[in-house]
Structures are given as structure tokens and as C-alpha cells.
Amino acid sequence: MDSPRLSRRLLRFVLPALALALATAGLAGTGGPAPADAAAMSQAAATATTTFSDEFDGAAGSAVDGSKWQIETGDNVNNHERQYYTSGNKNAALDGQGHLVITARKENPANYQCWYGTCQYTSARLNTSGKFTQAYGHVEARMKIPRGQGMWPAFWMLGNDIGQVGWPNSGEIDIMENVGFEPSTVHGTLHGPGYSGSGGIGAGYTLPNGQAFADAFHTFAVDWAPDSITWSVDGNVYQHRTPADTNGNAWAFNKPFFLILNLAVGGYWPGDPDGSTAFPNQLVVDHVRVTTSDSQTGTGGRITGLAGKCVDVAAANTANGTPVQLYDCNGTNAQKWTVGADGTIWALGKCLDVASGGTADGTKVQLWDCNGSAAQKWAVSGARDIVNPQANKCLDVTGNNAANGTPLQIWTCAGTANQKWTVNG
């Protein structure tokens, strides 16, 4: 989210792994050129594999799916926002018609205390940390935003390593932000080391003919590849960013991120509500979808090993726990792996993972949501070993068996052919 706000941190009562994280965003700048059009993006989407989807189907009044989202609670002094984010379905609930409704209310039913005293408003904020992360792909939400002075809806992402490196080194991708005093304009912004807060890199998109975003549903998206992020509204590209835009500062976006949806009230950037602002006020979300495709995985390449066969995600299945195996090389996304600077190796938007964080010989490897754990850290040596440092063991073809479908495991490094790998080979 945007502002001179110095820190949009994850709230006080979030899970411990994120409790120390600081997050923010900054005032959108001028847009860069857009190298792709909607037709090109649609063609890329046609080959996409869905890695996350929530259509918000369910009974009216139901809470969001807890396997996909966690609910944050608390206030936010860093931006001087006015709301208290509540738990459960109090301010975030399904409407029974395929929508998630995040409701901001002018109320304080439980004597919530905020940075400025007794809270005046409640609302909700959701994220997928610990449940879903991805590097690269097409990320979109179809939403109808609220209207009114002081309203601040946002759909955004944070680097999954925020608990380790802090903000802004984690990176932040703001897919859509709106402030109520600009009913016809939304903003997309990047934040990272050296370009955070009011120095964020971004641009705005304005509807023609004085239309307001609150009048109808619109689809807000980014198409994200290594060293490249492109923003669009309803398929209309309005901004493209690369490392050339960071003025020599580090590009913080070649790694897994998690998703966030929220509706803030007040703050440095939007200002406070006034007498013209209606409450309750709602952000209505029709769907959130994340896909990945050949064009979006960019630098991903094959990892070859025993008998010239490839490291492969079984059946190209993106479910957590899917076995990683040896298979004839076939050029599919299930065999396109990216070796990250943070020690992760990922395909299909998820990470190569040692099952249950095991360290014993014979522990299988699998695909799993990227979570920054030691089970997902790997070191590729000059001797062509791929080593899990936590276990101090090598990626290994079970039983030295070159048959298609042979599962991969970790095993004490022995220098044998079934432990030798060529990355992008």
C-alpha cells in the first residue's frame, strides 16, 4: 500500500514467523513503457497451469477457507490507519453468491484499542503466508472496490523471506491500491531496498470518461517473470518494470511471494474519512487466481541426471507433497526448474522440499509451498552435487534406478552417478 507511511507492518498478532516483519509501500510514480499487449498476455495465459484459485463459493456468512488464507488482527500505527483488523468472519465473509466481502465498519464492539486510543473502525486483512507462495506467473483478482474519502483497498504481495531479511529487502509488489479521493484511478507500485515508502516505483491507471472503479467489477493483475513485472487493468497494460528502473538498487522480485488482501480506513496517504464517507463500506472480491506458464517461468531450465533423464514433478501436479522423480526429458513446465539466489529450487511456482524436514538417508523429496525453511535450501556444487545443507546429504536417484518414475531422495553424498546433476543441462 501507498503513502509517506514509513511502515505497513504485518500486524501485532500474526503468526510468530512474521511477527517481526515490516511492510510498506510508497507513492506511485510515473509509468514505464508497456512492452506487451492484452492479446499477448491472453495467449500466455492459455498455456497456464493454475497454482492458486479461490472463487469464494460457500454459504453466506462463512469465513474464508483457512487452508488458503490466514486472518491478521490488530491496528497499524505505522501508516496511522484508523481501523482494527478483526478475526474470523466478523469483517471478512462470503456472501453466498461467489464473493468475498471485506467490510469496514464505523464501530468498536469489543473496546479494541488502537495507536490513537479507542479504535473507531473495524475491517479485515487476509494473507497466504505459510499456505501459498509463488515466484513468477500471472496473479489477478477481480474486485469491486469501495468508494469514499479515507477508504484504502489493496491487493498486494510480500517476499516470503520477510521474516529473515525484513522490509524493504523482502520486496513488495502492490498489484492494486486505491485511495478514496481518486475514485477513477488505481496504482501499481514496487518497493525494495532503496526504493521504498514514498520512493516506491510505480504508476497509476485511470478509467476513461470519469468512470469510478466502485461502479463495477474490474480485474487487476500482474504478469511476473524473472527481471520483469507488467501491470494491467481488465487486460489493459499500463506499466512495465525491470531492474533498469531501480537506479542501481537490488531487484527484490526474483523469489517467492505471498498474497495479501485488505481494506484499510484512513492513513497518511488516503487521509481520514469525513462526513461524506458511508459506513459500512465494502471491498467485494469475485476471485483470486494465480497461474504459471512457459512464458511466465522465464529462466527455468531442466536439471538432468542419471541416464540423461530429468528432474520431474510427477504428473505436473502442483499439490503439496507431489513426488519429485526421474523422467524422460520432455520440455514441460514440470521439468523447468529455477535455482534461486536464496538457495531454493522451484518449478510450477513451488519449491523442491525434503519431506517433513527429514535428514535421514532415504527421505523423499517433494514439491511444496515455498516457506523459507531449511528443508527447501540447496547448494549446487562445482562437482555437480545438489546438497541439502541441513541434512548435509545429496539429491539422489533411489536405488540407482534410471526407470521413469523413480522417486528422488536425499542420501549421504558418495560421488556416484545417481547423485550427479547438470543444471540447465
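This is a short tour of a predicted model of a protein chain, from the overall fold down to a few single residues.

**The chain as a whole**

Let's start with the big picture. The chain has 425 residues, and 56% of them are buried. Its secondary structure comes to 31 strands and 3 helices. If you take the contacts between residues at least 6 apart in sequence, 70% of them join residues at least 24 apart. On the outside, the chain exposes about 15,100 Å², with carbon and sulfur atoms supplying 51% of that area.

How far can you trust what you see? The average pLDDT of the chain is 88, and 87% of the residues score at least 70. Two stretches fall below 50, though. One of them is residues 1-47, which still has 173 contacts in the model beyond near neighbours in sequence. The other is residues 294-299, with 24 such contacts. Where pLDDT is low, the predicted coordinates should not be read in detail. So keep that in mind when you look at those parts.

**Two nonpolar cores**

Now for the inside. In soluble globular proteins, nonpolar side chains tend to be buried together. Here, the largest nonpolar core has 55 residues, and Leu100, Ile173, Phe253 and Val288 have the most contacts inside it. Strand β18, covering residues 257-265, gives the most to this core, with 5 residues.

Ile173 is a good place to zoom in. Leaving aside residues within four places in sequence, Ile173 is in contact with Trp156, Met157, Thr189, Leu190, Val222, Trp224, Ile229, Trp231, Phe253 and Phe257. There is also a second, separate core of 24 residues, which includes Ala334, Val354, Leu367 and Leu408.

**Strand β11 and its partners**

Strand β11 runs over residues 151-159, and 9 of its 9 residues are buried. Met151, Pro153, Phe155, Met157 and Gly159 point one way from β11, while Trp152, Ala154, Trp156 and Leu158 point the other way. Both sets are buried.

Which strands pair with β11? One partner is β18, which runs antiparallel to β11 and is joined to it by 9 bridges. In this pairing, Pro153 stands opposite Leu263 of β18. Another partner is β12 (residues 172-177), also antiparallel, with 5 bridges to β11. There, Leu158 has Glu172 in β12 as its bridge partner.

**An open sheet of four strands**

Further along the chain, 4 strands form an open sheet in the order β23-β24-β25-β26, with antiparallel pairing. The edges are held by β23 (338-339) and β26 (365-368); each has a single partner strand, so one side of each is left without a neighbour in the sheet. Strand β25, residues 350-354, is joined to β26 by 4 bridges. Val354 stands opposite Val365 in β26, and Val354 is also among the residues of the second core.

**Backbone oddities**

Most residues other than glycine have a negative phi, and most peptide bonds are trans. A few spots in this chain go against that habit, and the table lists four of them.

| Where | Feature | Value |
|---|---|---|
| Trp167 and Pro168 | cis peptide bond | omega about 15 degrees |
| Phe279 and Pro280 | cis peptide bond | omega about -5 degrees |
| Asn209 | positive phi | near 60 degrees |
| Ala316 | positive phi | near 55 degrees |

Where do these residues sit? Pro168 is in the loop between α2 (162-165) and β12, and Pro280 is in the loop between β18 and β19 (281-292). Asn209 belongs to the loop between β14 (201-206) and β15 (218-225). Ala316 is found in the loop between β21 (310-313) and β22 (324-327).

Is Asn209 buried or exposed? Its relative accessibility is 77%, so Asn209 counts as exposed. Ala316, at 38% relative accessibility, counts as partly exposed.

**A last stop in β15**

Thr219 lies in strand β15. Its relative accessible area is 19%, and the cut-off for buried is under 20%, so Thr219 counts as buried. Setting aside residues up to four places away in sequence, Thr219 touches Glu140, Ala141, Arg142, Ser232, Val233 and Asp234.

Note on methods. Residues are numbered from 1 along each chain as its sequence is written. This is a predicted model: local features need pLDDT of at least 70, side-chain atom pairs count only at pLDDT 80 or more; totals for chains, interfaces and linings use all residues. Side-chain values use heavy atoms; hydrogens and water are left out. Two strands pair if DSSP finds at least two bridges between them. Helices (H or I, at least four residues) and strands (E, at least two) are DSSP runs, numbered from the N terminus. pLDDT is the predictor's confidence in each residue, from 0 to 100. Contact means heavy atoms within 4.5 Å. A nonpolar core is a set of buried Ala, Val, Leu, Ile, Met, Phe, Trp, Tyr and Cys residues joined through side-chain atoms within 4.5 Å. Buried means under 20% relative accessible area, exposed over 50%, partly exposed in between (1.4 Å probe, protein chains only). Accessible areas come from the Shrake-Rupley method with a 1.4 Å probe; for residues, only the protein chains shown count as cover.
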